[in-house]
Amino acid sequence: MTDTHNVLVLNGPNLNMLGVREPKVYGSETLESIETSCQRIANRLDISVLFKQSNIEGTLVSWIQEARETQDAIIINAGAFTHTSIAILDALQLVEVPVIELHLSNIFAREEFRHHSYISPCATGVICGFGAAGYELALEATKRLLDN
Ligand code: DQA
């Protein structure tokens, strides 16, 4: 008997512009096509994915709070809020489900201000530098985490 796991995949500011935004850094896939791949992978892994994006910090905080009741894990690419947002850290800490931090680019190979993440202290794991494939890796890692 297996219960289907619910996983929230949350995307922060400017990720709606993937495809046109600095393709050398972030690749040429759009967020829409990443969502389509996530849904395909979710089917294969037998998990349910809720995929969301907002440019607004408070909206992300509210969605994280809501996840407390409905989701078994959160995969989050918080974009630039990664490096600035104590509010998102606080929300992730109160939600009490595993958090997987995700970045398309390798933030440690970039500007120094991207090396610090407010999210990492509450993340079970961090995936960065694999481009859009990172979403697939994060879903697979989350599935293993929830199955164990
Ligand atoms: C990002 C890295 C952040 O530093 C940046 O502000 C983003 C995207 C990434 O996916 O590589 O918006 O989170």
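Buried means under 20% relative accessible area, exposed over 50%, and partly exposed in between, with a 1.4 Å probe and protein chains only. The model is predicted: local features need pLDDT of at least 70, side-chain atom pairs count only at pLDDT 80 or more, and totals for chains, interfaces and linings use all residues. Residues are numbered from 1 along each chain as its sequence is written, and side-chain values use heavy atoms, with hydrogens and water left out.

**Exercise 1. Place Ser 105 and list its contacts.**

Step 1. Find the element. Helices (H or I, at least four residues) and strands (E, at least two) are DSSP runs, numbered from the N terminus. Ser 105 sits in the loop between E4 and E5.

Step 2. Apply the burial cut-off. Ser 105 has 8% relative accessibility, so Ser 105 counts as buried.

Step 3. List the contacts, meaning heavy atoms within 4.5 Å. Residues up to four places away in sequence are not counted; Ser 105 then touches Val 25, Tyr 26, Arg 110, Cys 128 and Gly 129.

Step 4. Look for a polar contact. The term covers a pair of N or O atoms within 3.5 Å; within protein, one must be able to donate a hydrogen and the other to accept it, and residues adjacent in sequence count only if both atoms are side-chain atoms. The side chains of Ser 105 and Arg 110 make such a contact at 2.9 Å.

Step 5. Check one distance. Ser 105 and Gly 134 are 29 residues apart along the chain, and their C-alpha atoms are separated by 9.3 Å.

**Exercise 2. Describe the ligand surroundings, then follow Arg 114.**

Step 1. Collect the residues with a heavy atom within 4 Å of the ligand, the cut-off for being near. They are Arg 21, Tyr 26, Asn 77, Gly 79, Ala 80, His 83, His 103, Leu 104, Ser 105, Ile 107 and Arg 114.

Step 2. Read the ligand oxygen distances to side-chain N or O atoms. For Asn 77 the value is 2.7 Å. For His 83 it is 2.7 Å. For Arg 114 it is 2.9 Å.

Step 3. Locate Arg 114. Its loop runs between strand E4 (99–103) and strand E5 (125–128). Arg 114 is buried, because its relative accessible area is 16%.

Step 4. Add its protein partners. The side chain of Arg 114 makes a 2.7 Å polar contact with that of Glu 111. Leaving aside neighbours within four places in sequence, Arg 114 contacts Tyr 26, His 83 and Ile 107.

**Exercise 3. Is Phe 130 buried or exposed? Give its place and contacts too.**

Step 1. Phe 130 lies in the loop between E5 and helix H5 (133–147).

Step 2. Its relative accessible area is 53%, so Phe 130 is exposed.

Step 3. Not counting residues up to four places away in sequence, Phe 130 touches Leu 104 and Leu 137.

**Exercise 4. Find and classify the aromatic pair.**

Step 1. State the rule. Rings of Phe, Tyr and Trp (its six-membered ring) pair if their centres lie within 6.5 Å; planes under 30 degrees apart count as stacked, over 60 as edge-to-face and the rest as tilted.

Step 2. Count. The rule gives one aromatic pair. Phe 51 and Tyr 135 form it, at 6.3 Å centre to centre with 40° between the planes, and the pair is tilted.

Step 3. Place the rings. Phe 51 is in strand E2 (residues 47–53) and Tyr 135 in helix H5, 84 residues apart, so the pair links distant parts of the chain.

Step 4. Check burial. Phe 51 is buried at 11% relative accessibility. Tyr 135 is buried at 2%.

**Exercise 5. Test the span of H3 and H5, then find what covers them.**

Step 1. The expected span is 1.5 Å times one less than the number of residues. Helix H3 (residues 57–70) has 14 residues and should span 20 Å; its end C-alpha atoms are 20 Å apart, which agrees.

Step 2. Leu 60, Val 61, Trp 63, Ile 64 and Ala 67 are buried in H3. Seen down the axis, the buried residues fall within an arc of 165°, so they line one face of the helix. The arc is that of the directions from the helix axis to the C-beta atoms.

Step 3. Their cover includes strand E1 (5–11), E2, strand E3 (73–77) and helix H4 (86–95).

Step 4. H5 has 15 residues and should span 21 Å; its end C-alpha atoms are 21 Å apart, which agrees.

Step 5. The buried residues of H5 pack against E1, helix H2 (31–45), E2, E3, E4 and E5.
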